[in-house]
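Hi there,

Here is the structure I promised to pass on. Have a look, then read my notes underneath.

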There are 2 protein chains.
Amino acid sequence: MKLGTKGRYAVMALVDLAYYGQGKPLALTEIAQRQSLPISYLEQLFLKLRQKGFVASTRGHLGGYTLAREAEAIRISEILEAIGEPIETTRCDKSSSTGCLGTNAKCLTHTLWAGLGAQMHQYLHGISLADVCERRVV
Amino acid sequence: MKLGTKGRYAVMALVDLAYYGQGKPLALTEIAQRQSLPISYLEQLFLKLRQKGFVASTRGHLGGYTLAREAEAIRISEILEAIGEPIETTRCDKSSSTGCLGTNAKCLTHTLWAGLGAQMHQYLHGISLADVCERRVV
DNA sequence: GAATTCCCGACTAAATTAGTCAAGTATGAA
DNA sequence: TTCATACTTGACTAATTTAGTCGGGAATTC
């Protein structure tokens with residue numbers, strides 16, 4: 001049960017962008033250097049983040065990325081989902097009527113895992129980019 | 001951020017053992033069949049569970065495994081740790097004084113991930129095998 | 001027109017996962 | 001005793017995922 005670099009880097013970079021970029025575009029190279037992240041990897045991540053509407057890009061000299069939404073309105077859970085690092089605690093919830101629903105003894109654990117997932121999602125949904133920047137995280 | 005089969009299977013098997021085995025040894029083949037789990041994989045897991053003192057084994061005919069502790073006293077978090085599926089949300093907490101502690105702007109996200117890990121651990125520590133068996137999980 | 005920066009797809013080495021397989025040891029029942 | 005059952009253990013492996021790299025292109029500004 002570990003958090004991969006994709007999700008970690010994406011959040012680090014967006015926090016950096018919210019923290020240091022005040023309306024003005026920040027170049028990816030700058031973010032990458034400050035956070036010690038591989039730039040070509042970051043490019044991949046920001047491609048998705050732009051397509052999903054989290055950031056906007058400016059090309060050319062003095063270009064870079066800006067937040068497309070208010071930092072207060074971006075939840076950590078959204079970022080992880082957008083980047084392709086979803087929270088998967090169960091395996092049998094393929095929305096088919098067949099398969100376990102935690103109703104029989106065989107799948108007593110279903111509700112356990114579902115509860116864990118809900119717990120995680122609730123936590124990450126309750127925290128915004130702005131919260132992280134302003135150290136309002138417990 | 002996904003839960004692997006190791007942790008899932010281990011908990012499923014222990015719940016089965018607590019649920020169906022009333023003091024008497026349950027053979028691994030029986031558990032494996034009921035839960036549709038690969039038996040040779042379960043063997044690996046029970047090796048660790050025995051070494052860590054969660055189950056006791058009886059060899060030979062009519063042998064099998066029994067819980068070595070009360071089902072009320074076994075926390076889900078312990079099982080995951082014993083089996084080698086720990087909760088890892090951070091990467092820079094190698095207990096060295098060097099490295100990030102969430103104190104500088106570079107690692108603003110540290111407390112975020114640490115908080116997530118704490119949240120997960122708290123949830124899984126608050127639930128025992130007996131809770132799962134008796135459907136006391138929210 | 002040159003430098004900078006984003007854009008995008010293809011590729012890959014290494015690690016992890018999710019097991020299998022084979023050979024043994026201990027025990028109880030017939 | 002002998003046989004079937006069941007745990008014990010280590011070695012091995014195919015497939016997937018992770019964590020990136022690489023190369024070329026397109027837009028923008030100085």
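Below is what turned up, starting with some ground rules.

This is a predicted model, in which local features need pLDDT of at least 70 and side-chain atom pairs count only at pLDDT 80 or more, while totals for chains, interfaces and linings use all residues. Residues are numbered from 1 along each chain as its sequence is written, chains are lettered from A and ligands numbered from 1 in the order in which they are written, and side-chain values use heavy atoms, with hydrogens and water left out.

First, the two protein chains. Chain A and chain B each put 44 residues into their contact (heavy atoms within 4.5 Å). About 4000 Å² is buried between them, 64% of it from carbon and sulfur atoms (buried area is the accessible area, 1.4 Å probe, that two parts lose on being put together, summed over both). B:M1, B:L108 and B:W113 supply 19% of what chain B buries there, more than any other three residues.

Now the DNA. Which residues come closest to strand C? A:R50, A:S57, A:Y65, B:Q44 and B:R59 do, out of 27 that surround the strand (near means a heavy atom within 4 Å). Sugar and phosphate make up 72% of the strand C atoms that come within 4 Å of the protein.

Some atoms reach the bases too. B:Q44 has a polar side-chain atom 2.8 Å from a base oxygen of strand C, and A:E43 has one 3.3 Å from a base nitrogen. For B:H61, a backbone N or O atom lies 3.2 Å from a base oxygen.

Happy browsing!

Definitions and conventions:
A polar contact is a pair of N or O atoms within 3.5 Å; within protein, one must be able to donate a hydrogen and the other to accept it, and residues adjacent in sequence count only if both atoms are side-chain atoms.
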